[in-house]
Amino acid sequence: MDRNISRRDVIRVLGTSGLAAGMGAFLPSGESRADPASRKDAPPGVKVQGTAAPPAKLVGGKVIQPRRSLPLLAQTDVLVVGAGPAGVVAALAAKRTGADVTLVERYGHFGGQWTGGLVLVVAGMHDKTNKQVIQGVGEEILKRLEKLDRGIINRRPGVDPTVDAEAVKYVMVEMLQEADVRVFLHCWGVDAVMEGDAVRGAVFESKSGRQAILAKAVVDATGDGDVFAAAGADYEHIRFHVGLVCRIGNLDKVDEAKAKQSKRPPRRSIRRPPLRPIPSVRLPPPLPPAPFPPACIRFASPAPTAPRCSHPMPFR
Ligand SMILES: Cc1cc2nc3c(=O)[nH]c(=O)nc-3n(C[C@H](O)[C@H](O)[C@H](O)COP(=O)(O)OP(=O)(O)OC[C@H]3O[C@@H](n4cnc5c(N)ncnc54)[C@H](O)[C@@H]3O)c2cc1C
């Protein structure tokens with residue numbers, strides 16, 4: 001590695017290339033607890049000094065995390081947590097105002113449910129007269145997809161187009177790189193950093209351990225309200241019925257006219273032998289029903305509903 005490169009330069013290069021999660025490699029030793037990258041960098045046979053950060057301790061059957069200060073991963077004007085469609089667009093929009101922007105995502109790709117969840121239909125961009133009423137950065141993304149082979153299909157007035165998930169990821173990387181947004185992937189936002197009742201940043205977990213990012217403004221784009229819930233804001237949880245999305249390829253399109261003319265082939269009745277339990281196999285007793293909400297999800301209100309801020313967030 002070129003030793004003349006400053007730490008800031010490295011963060012910038014890694015961030016824009018989507019590799020900044022490995023940035024613990026460039027922190028002085030002892031700044032973070034788990035730092036495998038720095039260990040990989042060490043020449044074979046060289047003993048790597050252990051970190052000064054105290055590990056968690058088991059005391060009287062309880063796991064105690066000793067008090068410690070956290071290494072600062074970055075300081076920025078606008079911190080956006082979560083790089084789904086909302087987070088990516090928020091980061092790009094903030095960058096266009098001239099702000100220094102940092103975007104953090106728990107997974108290794110951009111687009112959230114839109115790409116990783118295969119929610120590919122872009123709904124709700126038209127009004128009842130089929131006039132397109134949604135524009136902005138979202139429309140810029142769709143225009144870029146048009147230039148890619150099968151990046152987007154069914155793009156015509158009044159129709160909800162369908163995108164290709166990988167093409168969306170590609171376009172988002174392209175736009176974030178062009179805008180020079182600092183990006184950290186594989187970093188989970190796990191806590192808010194508070195000063196009084198204002199959110200001043202967030203704490204992240206990654207292969208480099210637990211680190212903090214400070215910001216003048218924090219945008220919670222996690223889709224789950226992770227940051228504002230951690231900051232202590234009240235919220236409500238609502239039920240939302242969703243479908244399970246899948247993609248099917250290599251099928252011929254049905255010619256409806258021909259299909260109506262053709263006679264259905266007679267159904268063959270299939271005789272299956274009745275299912276009998278195998279005598280030698282003993283099934284375990286059925287599991288008790290899973291609790292809802294799952295024990296690992298913390299709700300501030302007793303009613304389980306999707307996070308919805310019920311009073312202004314304490315962000316400045
Ligand atoms: C099954 C299903 C079908 C849907 N169908 C459609 C449809 O057909 N058309 C349509 O327009 N919309 C549809 N939607 C809604 C659509 O997915 C959402 O409107 C859109 O994804 C919301 O974008 P978002 O950026 O707010 O959240 P998300 O897409 O959920 O993105 C949140 C991002 O934050 C990251 N993140 C979460 N927590 C953390 C954390 N603690 N730290 C760091 N990163 C974190 C996630 O990994 C993710 O990348 C559907 C949703 C579902 C679930």
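Q: What classes of residue make up the shell around the ligand, and how many of each are there?
A: A good way to read a shell is to sort its residues by class. In this predicted model, the shell around the ligand holds 15 nonpolar, 10 polar and 4 charged residues.

Q: Which residues are closest to the ligand?
A: Of the 29 residues that surround the ligand, the closest are G82, G84, G112, Q113 and G223. You can also ask which elements supply the shell: helix 3, helix 4 (112-115) and strand 8 each give two or more residues to it.

Q: Strand 8 brings me to the sheet. In what order do the strands lie?
A: To read a sheet, follow the strands from one edge to the other. Here 6 strands form an open sheet in the order 7-4-3-10-9-8, and the pairing is mixed. Strand 7 (182-184) and strand 8 (188-195) are the edge strands, each pairing on one side only. From one strand to the next, the twist averages 40°.

Q: Do strand 3 and strand 10 pair in the parallel or the antiparallel sense?
A: Look at the direction of each strand, then at the bridges. Strand 3 and strand 10 pair in the parallel sense, over 8 bridges. As an example of a bridge, L79 has V218 in strand 10 as its partner.

Q: And how do strand 9 and strand 10 run, parallel or antiparallel?
A: Strand 9 (residues 198-206) and strand 10 (residues 209-220) run antiparallel, joined by 6 bridges. A hairpin of 2 residues links strand 9 to strand 10. You can trace the pairing residue by residue: E205 stands opposite R210, and F204 stands opposite Q211.

Q: Which strands does helix 3 lie across?
A: Now for helices against the sheet. Helix 3 lies across strand 3 (72-81), strand 4 (101-104) and strand 10, and runs at about 170° to strand 4.

Q: At what angle do helix 3 and helix 6 pack?
A: For two helices, read the angle and the distance together. Helix 3 (residues 85-96) and helix 6 (residues 165-179) pack at about 25°, with their axes 10 Å apart. Angles under 35 degrees count as roughly parallel, so helix 3 is roughly parallel to helix 6. The crossing of these two helices is left-handed.

Q: Which residues make the contact between helix 3 and helix 6?
A: Helix 3 contributes V88, A91, L92 and K95, while helix 6 contributes M172, M175, L176 and A179. By class, the residues of this contact are 7 nonpolar, no polar and 1 charged.

How values were computed. Residues numbered from 1 in each chain as written. Predicted model: local features only at pLDDT ≥ 70, side-chain atom pairs only at ≥ 80, totals over all residues. Axes fitted to C-alpha atoms, helices over the stretch in contact; angles between N-to-C directions. Helix = DSSP H or I, 4+ residues; strand = E, 2+ residues; numbered from the N terminus. Parallel < 35°, antiparallel > 145°, perpendicular 65-115°, else oblique. Left-handed = near helix turned anticlockwise from the far one by under 90°. Contact = placed C-beta atoms within 7 Å. Nonpolar A, V, L, I, M, F, W, Y, C, P; charged D, E, K, R; others polar. Pairing = 2+ DSSP bridges. Near = placed C-beta within 6 Å.
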